[in-house]
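Me: I have a chain to go through. I want the reasoning behind each label, kept short.

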Amino acid sequence: MASPPVTGSAETTTDLASSRVRVFPVVGEPLFEALRVGGFRKIVVQVPAGLTRNAHDLAAQIRAATGAATVVLTRACFGACDLPSPDEAPGAEGAVVLGHAPIPNVRSPLPTYFVEMRDPGGDPAALARLVVDAGLPRHLGLVASIQHLDLVSPLTAALEALGTTIRTAPGDRRLTYAAQALGCNYTTAEAVATDVDAFLFLGTGRFHPLGLAFAVDRPVYSLDPLRATLEPPLDRGALIRRRQLLVAGCRSARRWGILASTFVGQDRSPMARALQAKAIAHGHEAEILLFGRLDPSDLVGRDLDAYVCTACPRIALDDSDLYPKPMLTAPEFLMALGELPLEPYRFDTYH
Ligand code: SF4
């Protein structure tokens, strides 16, 4: 079956449609030229934790190429949901964000230049042969991290030439590209889940395979295009049973902390207020706790029984063991209140 091209989603905000947000595949002259045209006197540079070593060279290159002053933001950054703000970079007139794609429904506080760090590496024919020889199901959904999105089309062609049907789809307004994986939103996979027997994630690490395993009721295989390795699916049933046990343990909680983020793309304040109202309607106490980047020590010593996190859903799913009290996602909280059944499990998709 022919797959839709991996191009920008039809739904974009005025940010993406305007010059307020620009996107570049890699660091290079087109980026520097666009920054010069922007005429910025001061530029803030933000890089995610895995690319920290690139930050200082990038800032120096920008200074040399544009004549602008630069500052490097040092706080940890995990996504395009917590873009640099004018308050934390006083005087900055523009921002360069490395390693992330824009999130269409997140407004940039500053004119922002995204460098997605696309990596075209990987041999599509050899990778397709690896997948077929491993005996994967012949109807697959395909999603990729932003760095490896350019490989989706050639890998699709290579797999289809070997008789495997590949489905990809655009996501919702939080995703810029078809087939794109974002840790809080796998609507590109959910859109084709009923048509496929398994998913193939193209990228590295465990972060996206774990999120996908929660989001879609299908096995998720991981294909690292650079190392040419194929990992078997995580045990989805075990992952979900662990969360259901946590939910069951929270049913006796009476004093709830509702966690809400101040980051521009993690702020679900209306959801936090709605959950607070539900908790109170069920006879519980509930306080909304505001934070930017949450640290486990922020929750130490609080007289609360459990938390529900309305910020990044991966805080509760990936890191709840680090916190002093149980932490649920929003759908899990509704399960604990008895407003949603435990089955089917619902991933906390951030729309
Ligand atoms: S909300 Fe979480 S998963 Fe989503 S982009 Fe931000 S850090 Fe990533």
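Reply: Domain bounds here come from an automatic or database domain assignment. By that assignment the chain splits into domain 1 (14–115), domain 2 (124–234) and domain 3 (237–337). Keep in mind that this is a predicted model.

Me: What makes domain 2 and domain 3 count as being in contact?

Reply: Two residues are in contact if their C-beta atoms, placed from the backbone, lie within 7 Å. On that test, 6 residues of domain 2 are in contact with 5 residues of domain 3. The side of domain 2 that touches domain 3 has 4 nonpolar residues, 2 polar and no charged. The centres of domain 2 and domain 3 are 30 Å apart, taken over C-alpha atoms.

Me: Why is the chain called as compact as a globular protein of its length?

Reply: Set the value against the rule. The globule rule gives 20 Å for 351 residues, and the radius of gyration is 21 Å, close to it, so the label holds. The C-alpha trace spans about 60 × 55 × 35 Å along its principal axes. The chain holds 11 helices and 14 strands.

Me: What makes a residue count as buried, and what share of the 351 residues does?

Reply: A buried residue has 20 or more other C-beta atoms within 10 Å of its own. Of the 351 residues, 44% pass.

Me: Which residues are around the ligand, and how do they divide by class?

Reply: The cut-off is a C-beta atom within 6 Å of the ligand. Among those that meet it are Phe-78, Cys-81, Leu-182, Cys-184, Gln-266, Cys-312, Arg-314 and Tyr-350. By class, the shell has 6 nonpolar, 4 polar and 1 charged residues.

Notes
Residues numbered from 1 in each chain as written. Predicted model: local features only at pLDDT ≥ 70, side-chain atom pairs only at ≥ 80, totals over all residues. Nonpolar A, V, L, I, M, F, W, Y, C, P; charged D, E, K, R; others polar. Helix = DSSP H or I, 4+ residues; strand = E, 2+ residues; numbered from the N terminus. Rg over C-alpha atoms; globule rule 2.2 N^0.38 Å. Buried ≥ 20, exposed ≤ 12 C-beta atoms within 10 Å, placed from the backbone.
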